[in-house]
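Welcome to a short tour of one protein model. Have a look at the sequence and the structure below, and then we can walk through them together.

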Amino acid sequence: MGFCIFNNAAIAARYAQATYGLERILIADWDVHHGNGTQAIFEADPSVFFFSTHQWPWYPGTGAAAETGTGAGRGTIMNRPFPAGAGRAEILGAFEDDLIPAMKDFRPELVIISAGFDSRRGDPLGGFRLEDEDFADLTRLMVALADEHAGGRLVSLLEGGYNLDGLASATAAHVKVLLD
Ligand SMILES: [Zn+2]
């Protein structure tokens with residue numbers, strides 16, 4: 001809707017299903033904005049679980065906790081909105097307390113991260129306060145999820161990030177964990 005022509009995460013999920021026959025895929029989105037396009041594509045589809053932490057109220061205005069999927073997809077959308085100023089406690093807490101237990105039931109065969117770094121402190125388009133080390137810990141959590149359920153299969157896609165110095169350092173912290 002706002003920043004992309006193609007939804008890379010959605011294309012990756014559908015490609016994995018069509019090409020490799022995977023049945024259940026997790027897309028986890030820590031971009032400061034709600035992943036409204038990803039939710040719209042998969043909200044009625046129980047084969048793709050979409051988890052998003054994001055600033056609220058904020059652009060694009062969707063992503064209430066009550067939005068949990070529709071029809072056959074009910075229960076495979078999980079939104080965790082937080083006010084401006086939120087940081088490690090809220091966002092890492094949501095991944096630990098809500099995403100990890102949900103994945104014990106869902107058991108994804110592939111993990112995709114919508115890795116937006118506009119949720120870092122100092123981003124001009126967001127009011128979250130994540131630090132580079134918080135992104136490293138989020139990455140460790142996601143790698144552990146992929147190891148536990150998906151045979152280690154994990155794809156990370158760069159999403160937002162509009163403070164170029166912060167984008168660089170947060171991305172480096174993220175990739176360093178992926179390469180360890
Ligand atoms: Zn964003």
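Which helices each supply at least two residues of the lining of the largest pocket? They are α1 (8-20) and α2 (36-42). Keep in mind as you read that this is a predicted model.

**The pocket**

Let us stay with the largest pocket for a moment. Its space comes to about 510 Å³, and 25 residues line it. Those that lie nearest its centre are Phe3, Cys4, Gly35, Asn36 and Glu159. Of the elements, α2 gives the most to the lining, with three residues. By residue type, the lining divides into ten nonpolar, eleven polar and four charged residues.

**The zinc site**

Next comes the metal. The zinc ion has its protein donors in Asp31, which is listed with two OD entries, in His33 through ND1, and in Asp118 through OD. These donors lie 1.9 to 2.8 Å from the zinc ion. Along the sequence, the donor residues follow the spacing D-x1-H-x84-D. Are Asp31 and His33 buried or exposed? Both of them are buried.

What is the geometry of the site of the zinc ion? The site is irregular, with angles of 52 to 157° among the four donor atoms. For four donors to count as tetrahedral, all angles would have to lie between 85 and 135 degrees. As a point of reference, ideal angles at a metal are 109.5 degrees for four tetrahedral donors. Please remember that water is not among the atoms, so sites may look incomplete.

**The overall fold**

Stepping back, the chain holds five helices and five strands. Read from the N terminus on, these elements run α-β-α-β-β-α-β-α-β-α. The C-alpha trace spans about 40 × 35 × 30 Å along its principal axes. How does the radius of gyration compare with that of a compact globule, and what is its value? The chain has 15 Å, which agrees with the value near 16 Å for a compact globule of 180 residues. Of those 180 residues, 48% count as buried.

**Backbone details**

Some backbone angles deserve a look of their own. In general, most residues other than glycine have a negative phi, and most peptide bonds are trans. Two cis peptide bonds are listed here, each with its omega value:

| Cis peptide bond | Omega |
|---|---|
| Trp56 and Pro57 | about -5° |
| Tyr59 and Pro60 | about 5° |

Pro57 has its place in the loop between β2 (48-55) and β3 (77-82), and Pro60 lies in the loop between β2 and β3 as well.

Arg107 is another residue to find in your viewer. Its phi is near 55°, a positive value in a residue other than glycine. You will find Arg107 in the loop between α3 (88-106) and β4 (110-115). With a relative accessible area of 45%, Arg107 is partly exposed, because a residue counts as exposed over 50% and as buried under 20%.

**A residue in the last helix**

Finally, turn to Ala173, which lies in helix α5 (residues 164-179). Why does Ala173 count as buried? Its relative accessible area is 16%, and buried means under 20%. Between Ala173 and Ser119 there are 14 Å in space, C-alpha to C-alpha, and the two are 54 residues apart in sequence.

How values were computed:
Residues are numbered from 1 along each chain as its sequence is written. This is a predicted model: local features need pLDDT of at least 70, side-chain atom pairs count only at pLDDT 80 or more; totals for chains, interfaces and linings use all residues. Side-chain values use heavy atoms; hydrogens and water are left out. Donors are N, O and S atoms within 2.8 Å of the metal (3.2 Å for Na, K and Ca); water is not among the atoms, so sites may look incomplete. Four donors count as tetrahedral if all angles lie between 85 and 135 degrees; four count as square planar and six as octahedral if opposite donors are over 155 degrees apart and all others between 65 and 115; anything else is irregular. Buried means under 20% relative accessible area, exposed over 50%, partly exposed in between (1.4 Å probe, protein chains only). On a 1 Å grid over the protein atoms alone, a cavity is a set of points where a 1.4 Å probe fits but cannot get out, and a pocket is an open set with protein on both sides within 12 Å along at least five of seven lines; lining residues have an atom within 4 Å of a point. Grid points are joined across faces, edges and corners, and a volume is the space filled by probe spheres set on the points. Helices (H or I, at least four residues) and strands (E, at least two) are DSSP runs, numbered from the N terminus. Ala, Val, Leu, Ile, Met, Phe, Trp, Tyr, Cys and Pro count as nonpolar, Asp, Glu, Lys and Arg as charged, and the others, Gly among them, as polar. The radius of gyration is taken over C-alpha atoms; the globule rule is 2.2 Å times the number of residues to the power 0.38.
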